[in-house]
Amino acid sequence: MSIHLLLLFLLLRPIPLFSTSTFSFIGINYGQVGDNLPSPSSVLPLFHSLSITRVRLYDFNPTLLIPSSSSSSSLDLTIGVPDRCLPSFASDPHSSLSFLHSNVLPYPSISLITLGNEVLTSNSSLLLSSLLPAINNLHSSLLSLNLHQRIKISTAHSLSILSQSFPPSSSSFRHDLLPILTPLLSFLSRSKSPFLINAYPYFAYKADPNHVDLDYVLFQPNDGVVDPGSGLRYDNMLHAQVDAVRSAISKAGGDAGLEVRVSETGWPSAGDPDEAGATPENARRYNGNLMRMVASGRGTPARPRDPLRVDIFALFNENLKPGPASERHYGLFKPDGTPAYQLNLAPASSGNDTSNVSAASPSQQSAGEGLSLMGYDISSAAVPVWAWWAPRRGALGSLSLVILVWGWAL
């Protein structure tokens, strides 16, 4: 076989629609509020089927932590310290040190520890007073073990910490939370840790479906909304929410370069009769369009060159979560490992849905019936040769195309 035909053969092999590096921007929240969920060891194939390497756990239960000797060593893990533990972390420095020895040192894949979840809007004076001391004690313990470079510390917030969220340029933090947020921002900047937000455009649509444009919250084609203060145009609500947080950070004197990461976002596939928009189709569009956008490396209008990292909520439907029915239907998967709905992840030429790609269960994948996010089955999706280079821009993609044309001509 001549060299040009060999190169042509190599180039015509199926390649991933998205690269592994771009998919590192996408993570998944792995909750455990259910009595019918599979064992943690059986969950690994789902991570692999989604081609997701970043996983957030809400607890440090050893049964949920996966030793580095297993096939999960490539996972980038975030573990959470539950709210109930904050007072002991705050009052006893040895508590955080003991925690690190028992729950972190054995697992080198851990890169981020979150202390509490939405503490600032919990209405608990004990938690509010414990948050900063707990963070400082845990950081001191990381320093003593020389882990502070590898493992970062943060805490996740709801958007209720904002006094208002639109337009983004006029957003600011609630005045009553500044005594905690100001030193927290300083810590995050010094330690190079991300500011985490739980952002759910679904909540805005549910609250006012007659006035919130569904296409705007689902990343579908729409006219967009212009921020009169900055002149920036927003074509989706999530980007507006992220930039609102960035504006608030700036007004609070925080570091303008601080990373804002979406630690939770998602859309329910079912809900109560009065929960507008909670359908499988809307969940499919929201999460599918979101994943495509994030994997493309696209930033927000205020920071277009900074890829946005997003953790999707959640891996499973969790049947014991309290509240309205929607709370129990955020999962990409049902507890038996089958997809809750079909995800669309093929690159779109016009912004509209073009084809369906399944988040397939392990059994489906072994039978060749499902498509992973990182590639496609040629028998299931008709993808033209030229589409293989569309998401692979840059020197490598251009060189490959040149080689292909050269090989074909020869």
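The following legends describe close-up views of a predicted model.

**View 1. The largest nonpolar core of the predicted model.**
This core contains 98 residues, of which F99, I113, L115, F173 and F195 touch the most other members. Helix α10, spanning residues 237-251, gives the most to the core, with 8 residues. In soluble globular proteins, nonpolar side chains tend to be buried together.

**View 2. The surroundings of L115.**
L115 is one of the core residues that touch the most other members. When its neighbours within four places in sequence are left aside, L115 is in contact with V81, L86, L131, A134, I135, L138, I153, S154 and T155.

**View 3. The aromatic pair of Y200 and Y330.**
The whole structure holds 13 aromatic pairs. In one of them, Y200 and Y330 meet edge-to-face, with 5.7 Å centre to centre and 75° between the planes. Y200 lies in the loop between β8 (195-198) and α8 (201-207), and Y330 lies in the loop between β12 (310-313) and α12 (362-366), so the pair ties together parts that are 130 residues apart in sequence. Both Y200 and Y330 are buried.

**View 4. The aromatic pair of Y202 and F203, and the ring cluster.**
Y202 and F203 form a tilted pair, 6.1 Å centre to centre, with 55° between the planes. Y202 counts as buried because its relative accessibility is 0%, under the limit of 20%. F203, at 40% relative accessibility, counts as partly exposed. Both residues belong to a cluster in which ring pairs link Y58, Y200, Y202, F203, Y205, F219, W267, Y286, F313 and Y330.

**View 5. The salt bridge between R56 and E264.**
A search of the whole structure finds 12 salt bridges. In one of these, the side chains of R56 and E264 meet at 3.6 Å, N to O. R56 belongs to strand β2 (residues 54-57) and E264 to strand β11 (residues 260-265); the pair thereby links distant parts of the chain, 208 residues apart. Both R56 and E264 are buried. Side chains of opposite charge can pair when their charged atoms come close.

**View 6. Further salt bridges.**
D176 and R174 meet through their side chains in a salt bridge of 2.8 Å, N to O. R174 has a relative accessible area of 26% and is therefore partly exposed. In the salt bridge between R303 and D306, the closest N and O atoms are 2.6 Å apart. D306 is also partly exposed, with a relative accessible area of 30%. In addition, a network of salt bridges links E259, R261 and R309.

Definitions and conventions: Residues numbered from 1 in each chain as written. Predicted model: local features only at pLDDT ≥ 70, side-chain atom pairs only at ≥ 80, totals over all residues. Heavy atoms only, no water. Core = buried A, V, L, I, M, F, W, Y, C linked by side-chain atoms within 4.5 Å. Buried < 20%, exposed > 50% of the residue type's maximum accessible area, 1.4 Å probe, protein only. Helix = DSSP H or I, 4+ residues; strand = E, 2+ residues; numbered from the N terminus. Contact = heavy atoms within 4.5 Å. Phe/Tyr/Trp six-rings, centres within 6.5 Å; stacked < 30°, edge-to-face > 60°. Salt bridge = Lys/Arg side-chain N within 4 Å of Asp/Glu carboxyl O.
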